[in-house]
Amino acid sequence: RGGGEIQRYQIARYLVSFGHNVSLVGYKFPGSPKRELVGGIEITRTGPVSVKDAHQNFPRLIDAFFMFFAAARKKYDIMMTNPYFSLPFTLPLAKLLGKPVAVTWDDVFGYRTFSKDRGRILPFFGALLEKTCLFLTRYADIVFTVSNSTKQKLTRSGILAGKIVVMHSGLNIEDYPRMKVKRKNQIIYLGRHLTYKN
């Protein structure tokens with residue numbers, strides 16, 4: 001449902017095309033099966049709660065807790081995880097099992113961004129969770145991010161620059177049908193226009 005999800009799917013898809021076995025552990029959503037195989041990717045959905053919306057923080061936190069147990073039962077050579085909810089459970093597990101771990105950071109928001117949320121608890125909780133994830137990311141073997149500006153934010157948070165790889169988001173032209181256009185050399189952007197996205 002978003003750029004991060006599409007990026008994770010593309011990474012998984014490429015790894016499968018190179019002959020790797022890829023397991024994706026994620027949230028349940030209404031009507032989703034607990035397990036399925038999509039394009040060679042083994043998908044497991046955890047937790048007792050169906051997450052209807054990306055902003056349902058409490059259900060996502062509950063389901064992320066169950067990711068720990070799902071990941072503990074899997075056999076893998078490397079774990080790739082991302083903030084916010086799953087990282088505090090999955091990164092320590094990988095380290096406990098002696099597995100290398102890669103963390104993907106799309107952005108570092110900071111308290112100012114979270115403070116725009118309604119109420120007092122959610123901004124505080126969001127900022128605290130982000131600081132926790134940033135601290136834990138110091139123990140990752142490699143960190144992927146989508147821009148140099150996010151890399152700078154990560155290094156300011158104490159993550160070694162040598163661990164961070166900037167992996168710009170791309171576009172698979174093969175995924176889109178060819179269309180006849182009246183005027184060439186035009187681009188349309190569809191997405192959220194938010195201050196923190198510049």
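Let me start with one residue, Thr81, which is buried, with a relative accessible area of 4%, and which has its place in strand E4. Please keep in mind throughout that what we are looking at is a predicted model. What does Thr81 touch, once residues up to four places away in sequence are set aside? The list consists of Ser86, Leu87, Thr90, Val101, Ala102, Val103 and Thr104. There is also a relation across a longer stretch of sequence, since Thr81 and Val143 are 62 residues apart along the chain, while their C-alpha atoms are separated by 9.7 Å.

Now let me step back to the chain as a whole. Its secondary structure comes to six helices and seven strands, and if you read along the sequence you will meet them in the pattern α-β-β-β-α-β-α-β-α-α-β-α-β. The chain has 198 residues, of which buried ones make up 32%, and the area that the chain exposes is about 13800 Å², with carbon and sulfur atoms supplying 59% of it. If we take the contacts between residues at least 6 apart in sequence, 42% of them join residues that are at least 24 apart.

Let me turn to the sheet near the start of the pattern. Three strands form an open sheet here, in the order E1-E3-E2, and the pairing is mixed. Strand E1 and strand E2, which covers 35-38, stand at the edges with a single partner strand each, so one side of each is left without a neighbour in the sheet. From one strand to the next, the twist averages 30 degrees. E1 and E3 run parallel and are joined by seven bridges; Ser23, for instance, has Glu42 in E3 as its bridge partner. Helix H1 lies across E1 and E3, and the direction in which H1 runs is at about 145 degrees to E3.

Glu42 brings us to the salt bridges, of which the structure holds five, and I will go through three of these. In one of them, Lys74 pairs with Glu42, with the closest N and O atoms 2.5 Å apart. This pair links distant parts of the chain, because Lys74 sits in the loop between helix H2 (57-73) and strand E4 (79-81), whereas Glu42 belongs to strand E3 (residues 41-50), 32 residues apart. Glu42 counts as partly exposed, at 35% relative accessibility.

Another salt bridge joins Glu36 and Arg45, where the closest N and O atoms are 2.8 Å apart. Is each partner buried or partly exposed? Glu36 is partly exposed, with a relative accessible area of 29%, whereas Arg45 counts as buried, at 8% relative accessibility.

In the next pair, the side chains of Asp107 and Lys153 meet at 2.9 Å, N to O. Asp107 lies in the loop between strand E5 (101-105) and helix H4 (110-114), and Lys153 lies in helix H6 (residues 148-156), so this salt bridge ties together parts that are 46 residues apart in sequence. Asp107 is buried, with a relative accessible area of 13%, while Lys153 is partly exposed, with a relative accessible area of 25%.

Finally, let us look at the surface. Which residues form a nonpolar patch there? They are Tyr14, Leu15 and Phe18, which together have about 320 Å² of accessible area. Phe18 lies in the loop between helix H1 (3-17) and strand E1 (22-28), and Phe18 is exposed, with a relative accessible area of 63%.

How values were computed: Residues are numbered from 1 along each chain as its sequence is written. This is a predicted model: local features need pLDDT of at least 70, side-chain atom pairs count only at pLDDT 80 or more; totals for chains, interfaces and linings use all residues. Side-chain values use heavy atoms; hydrogens and water are left out. Patches are made of residues with over 30% relative accessible area and no salt bridge: like charges are joined within 9 Å, nonpolar side chains (Val, Leu, Ile, Met, Phe, Trp, Tyr) within 5 Å. Accessible areas come from the Shrake-Rupley method with a 1.4 Å probe; for residues, only the protein chains shown count as cover. A salt bridge is a side-chain nitrogen of Lys or Arg within 4 Å of a carboxyl oxygen of Asp or Glu. Helices (H or I, at least four residues) and strands (E, at least two) are DSSP runs, numbered from the N terminus. Buried means under 20% relative accessible area, exposed over 50%, partly exposed in between (1.4 Å probe, protein chains only). Contact means heavy atoms within 4.5 Å. Two strands pair if DSSP finds at least two bridges between them. Axes are lines fitted to C-alpha atoms, for helices over the stretch in contact, and angles run from 0 to 180 degrees between N-to-C directions.
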